[in-house]
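Hi everyone, thanks for making time this morning. Please have the viewer open, and I'll walk you through the parts I'd like you to look at.

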Protein chains: 2
Amino acid sequence: MQRVTIADVAKLAGVSKQTVSRAINNKGDIGESTKERVLEIARNLGYRPSRFARGLRIGESVTLGLLLFDLSIPYYPDLASQILQSAGKQGWNVVIGDAQGEWRRELDVLQVLARQADVLIGQVGSSDTVLLREFPGLPMVLLDHDAGSSGFGSVCIDFISGMRQAVDHLIKIGRRHIGIIDGVKWDRPPSPRRIAAEQRLREHGLVTGDEWSAAASPHAVTSGEAALAELLTRQPIIDGVICFNDQLAIGAMRELKRAGRNVPADVAVVGFDGLRVGGLVEPALTSVRIDNRQLAELAVRDAIRLLTVPKAPQKESLVVTPKLIVRSSA
Amino acid sequence: MQRVTIADVAKLAGVSKQTVSRAINNKGDIGESTKERVLEIARNLGYRPSRFARGLRIGESVTLGLLLFDLSIPYYPDLASQILQSAGKQGWNVVIGDAQGEWRRELDVLQVLARQADVLIGQVGSSDTVLLREFPGLPMVLLDHDAGSSGFGSVCIDFISGMRQAVDHLIKIGRRHIGIIDGVKWDRPPSPRRIAAEQRLREHGLVTGDEWSAAASPHAVTSGEAALAELLTRQPIIDGVICFNDQLAIGAMRELKRAGRNVPADVAVVGFDGLRVGGLVEPALTSVRIDNRQLAELAVRDAIRLLTVPKAPQKESLVVTPKLIVRSSA
DNA sequence: ATGAAAGCGCTAACAC
DNA sequence: GTGTTAGCGCTTTCAT
């Protein structure tokens with residue numbers, strides 16, 4: 001790819017490489033006419049400076065690798081946007097890797113990012129054992145990862161608090177028969193979100209368990225619809241639903257309406273994430289909003305720490321506390 | 001940032017740089033025990049190979065710079081996702097620059113990207129004159145840009161066809177009083193979308209012009225609401241609205257409902273872009289869908305051309321034809 | 001199995 | 001204003 005070098009331009013222009021460099025970079029100490037001529041020749045040759053050589057020389061510039069599960073899923077663009085912004089404030093470049101919605105692609109994508117970036121941030125599915133083995137020494141900030149921080153940076157989301165707010169809201173508007181639609185990654189284990197919600201429900205003396213919940217693939221509205229249908233069959237009495245995220249919540253609302261239930265009068269729905277799209281559906285979706293701006297700030301700050309203090313000293317884990325936004329209730 | 005080098009590791013391990021290199025890169029011709037020891041030391045030192053030095057040596061690897069106007073606007077994530085995918089197929093890395101919704105940031109962002117990338121793709125607001133001056137020799141593929149291709153790559157969207165489909169649909173379902181909500185960048189000029197729509201409306205013998213259109217800031221639902229209110233005041237008889245994009249269309253629908261009009265029975269709304277969110281609102285939004293997958297494929301292919309044939313030979317402009325998707329009508 | 005030397009393309013420092 | 005020298009950190013010969 002990188003064929004024509006500064007030397008080629010210099011030779012053709014009959015000047016030294018240094019002069020070409022000056023022309024290209026708009027430095028001083030160069031005659032206007034020489035500059036023009038050199039630039040002209042460079043243009044003709046299709047010369048582009050090698051960013052590697054330049055980077056090697058200059059030596060500055062941090063590149064952040066951002067791993068996303070799927071940019072086409074509504075949650076990630078906002079996260080990415082905020083990370084881009086926070087990283088930009090540091091003058092960092094950002095390379096993005098997208099697993100395109102398939103966890104099995106994750107390691108490949110990480111492999112690519114690892115070669116390009118100085119530090120990584122991402123919502124990573126792999127265990128820290130795997131990460132440690134595959135990417136020894138690579139500074140990484142894990143978002144919402146259950147790993148005991150083994151030298152990794154980490155920012156977590158306080159699901160306990162988030163779900164407490166969700167449950168309390170439903171209780172407050174008089175709901176007593178509350179179902180859960182959980183989003184599950186590889187099928188089996190209940191998510192931390194579900195666990196947190198159930199815990200709070202029990203604190204209110206309500207019944208929880210498999211009879212009151214349905215599992216769904218987390219990123220499809222349709223699977224939210226299916227999950228709600230399932231829930232409705234098992235517990236027709238239901239008057240409130242807490243969902244793993246907004247996608248599923250929107251699906252649940254759709255299915256409820258299709259089933260002739262009034263939302264939120266008959267059945268109130270609460271989502272999680274606080275996506276903007278929740279404000280556009282009918283009725284507007286109440287949700288527990290994750291502050292991605294704050295998440296991004298913390299993640300980047302932690303990335304800075306990893307870069308600054310390679311021998312990670314230890315740290316208290318960073319936590320983002322989501323906040324309920326009531327867009328429509330009762 | 002890049003402090004500890006291969007030489008440091010070598011010295012501390014009492015071996016040569018090459019041996020370290022072999023260990024790091026899992027090459028053969030190295031004793032198992034040496035390898036372990038070297039890796040251990042590298043880990044302790046927090047050594048990370050310089051991607052610049054490596055890149056300079058290896059010399060492969062293409063990096064694509066993607067300029068986005070605003071990743072937090074619903075249109076761009078899908079575009080970005082598709083570009084990421086197309087670029088990934090070529091084994092390219094992608095750095096993303098985001099202007100965060102401000103055109104005036106564009107040049108700065110481009111400046112950053114230009115130093116990182118071998119070729120750029122983006123929906124660029126600046127004129128080709130400016131681009132040529134600021135980034136001489138940088139291969140760029142402009143999306144939906146009105147520039148006479150001055151050596152730039154380019155992929156356009158066929159608004160004529162798209163708006164023909166939109167207008168014809170409204171006509172077909174019996175609408176004869178059709179307004180336009182236009183999205184405008186810096187205020188003044190009617191967008192190509194509006195022009196295309198008006199042209200087709202006139203071909204159907206309908207009245208067009210400023211009396212039948214309202215301008216809105218393109219990326220805010222609320223400005224769609226305001227624009228519709230304005231339209232409704234001027235033309236209460238209105239029974240169809242064509243919008244610059246889906247955001248504005250969703251705003252228009254909201255305002256129509258608020259004004260007591262039935263959508264689509266009283267007033268039918270057509271959007272542009274074909275965002276997925278259009279399928280979630282009530283009623284589902286009929287829209288002219290841009291195939292971002294195809295757009296991305298063409299853009300990347302054109303980027304390849306620019307990289308392969310530096311002296312751009314000439315080209316027919318690449319065009320994506322959007323397609324009407326009727327999600328709810330009459 | 002390991003080391004020495006060369007050089008990728010560029011720019012900072014210093015001559016001239 | 002322009003050229004020369006040196007070297008960024010790495011990998012690729014080629015010796016040993």
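Let me start with a question: which residue of chain A has a polar backbone atom 2.3 Å from a phosphate oxygen of DNA strand C? Before I answer, please keep in mind that this is a predicted model. The residue is Ile6(A), and the backbone rather than the side chain supplies the polar atom.

Let's stay with strand C for a moment. Two side chains of chain A also reach its phosphates. A polar side-chain atom of Tyr47(A) sits 2.5 Å from a phosphate oxygen of this strand, and for Arg54(A) the corresponding distance, again from a polar side-chain atom to a phosphate oxygen, is 2.8 Å. As for the elements involved, H2 and H4 of chain A, together with H2 and H4 of chain B, each give two or more residues to the surface near DNA strand C. H4(A) makes the largest contribution, with five residues.

Now the wider surroundings of that strand. There are 29 residues around DNA strand C, and those that come nearest are Ile6(A), Gln18(A), Tyr47(A), Gln18(B) and Thr19(B). If you look at the strand's own atoms within 4 Å of the protein, sugar and phosphate make up 53% of them. Sorted by class, the surface near strand C consists of nine nonpolar, 11 polar and nine charged residues.

On to the other strand. Which residues come nearest to DNA strand D? Out of 28 around it, they are Thr19(A), Arg22(A), Gly31(A), Ile6(B) and Tyr47(B). Here sugar and phosphate account for 58% of the strand's atoms within 4 Å of the protein.

I picked out three polar contacts to strand D for you. A polar backbone atom of Ser16(A) is 2.9 Å from a phosphate oxygen of the strand. From chain B, Ser21(B) places a polar side-chain atom 2.8 Å from a phosphate oxygen of strand D. And Arg57(B) is one to click on if you like bases: an N or O atom in its side chain lies 3.0 Å from a base oxygen of DNA strand D.

The elements on this side are helix H2 (17-24) and helix H4 (51-58) of chain A, plus helix H2 (17-24) and helix H4 (51-58) of chain B, and each supplies at least two residues of the surface near strand D. The largest share, five residues, belongs to H4(B). By class, that surface has nine nonpolar, 11 polar and eight charged residues.

So how are the two protein chains related? Chain B superposes on chain A, with an RMSD of 0.3 Å, after a rotation of 180 degrees and a shift of 0.2 Å along the axis. The two copies are therefore related as by a two-fold rotation axis. They also meet through the same surface, because 100% of the interface residues of chain B are interface residues in chain A as well.

Zooming out to one chain, the domain assignment splits chain A into domain 1 (6-49), domain 2 (61-157 + 292-320) and domain 3 (159-289). Taken over C-alpha atoms, the centres of domain 1 and domain 3 of chain A are 64 Å apart.

Finally, some backbone geometry for those of you who check torsions. Most residues other than glycine have a negative phi, and most peptide bonds are trans. Here are some exceptions. Val263(A) and Pro264(A) are joined by a cis peptide bond, with omega about 0 degrees, and Pro264(A) sits in the loop between helix H11 (246-258) and strand E9 (268-273) of chain A. In chain B, the peptide bond from Val263(B) to Pro264(B) is cis too, with omega near 5 degrees.

Gln100(A) has a positive phi, near 50 degrees, and belongs to the loop between strand E2 (93-98) and helix H6 (106-116) of chain A. With 25% relative accessibility, Gln100(A) counts as partly exposed. Asp144(B) is another non-glycine with positive phi, about 55 degrees, in the loop between strand E4 (140-143) and strand E5 (153-157) of chain B. Asp144(B) counts as partly exposed as well, at 27% relative accessibility.

That's my tour, and I'm happy to take questions.

Key. Residues numbered from 1 in each chain as written. Chains lettered and ligands numbered in written order. Predicted model: local features only at pLDDT ≥ 70, side-chain atom pairs only at ≥ 80, totals over all residues. Heavy atoms only, no water. Near = heavy atom within 4 Å. Polar contact = N/O pair within 3.5 Å; in protein donor to acceptor, adjacent residues only side chain to side chain. Helix = DSSP H or I, 4+ residues; strand = E, 2+ residues; numbered from the N terminus. Nonpolar A, V, L, I, M, F, W, Y, C, P; charged D, E, K, R; others polar. Least-squares fit on C-alpha atoms with pLDDT ≥ 70 in both. Contact = heavy atoms within 4.5 Å. Domains from an automatic or database assignment. Buried < 20%, exposed > 50% of the residue type's maximum accessible area, 1.4 Å probe, protein only.
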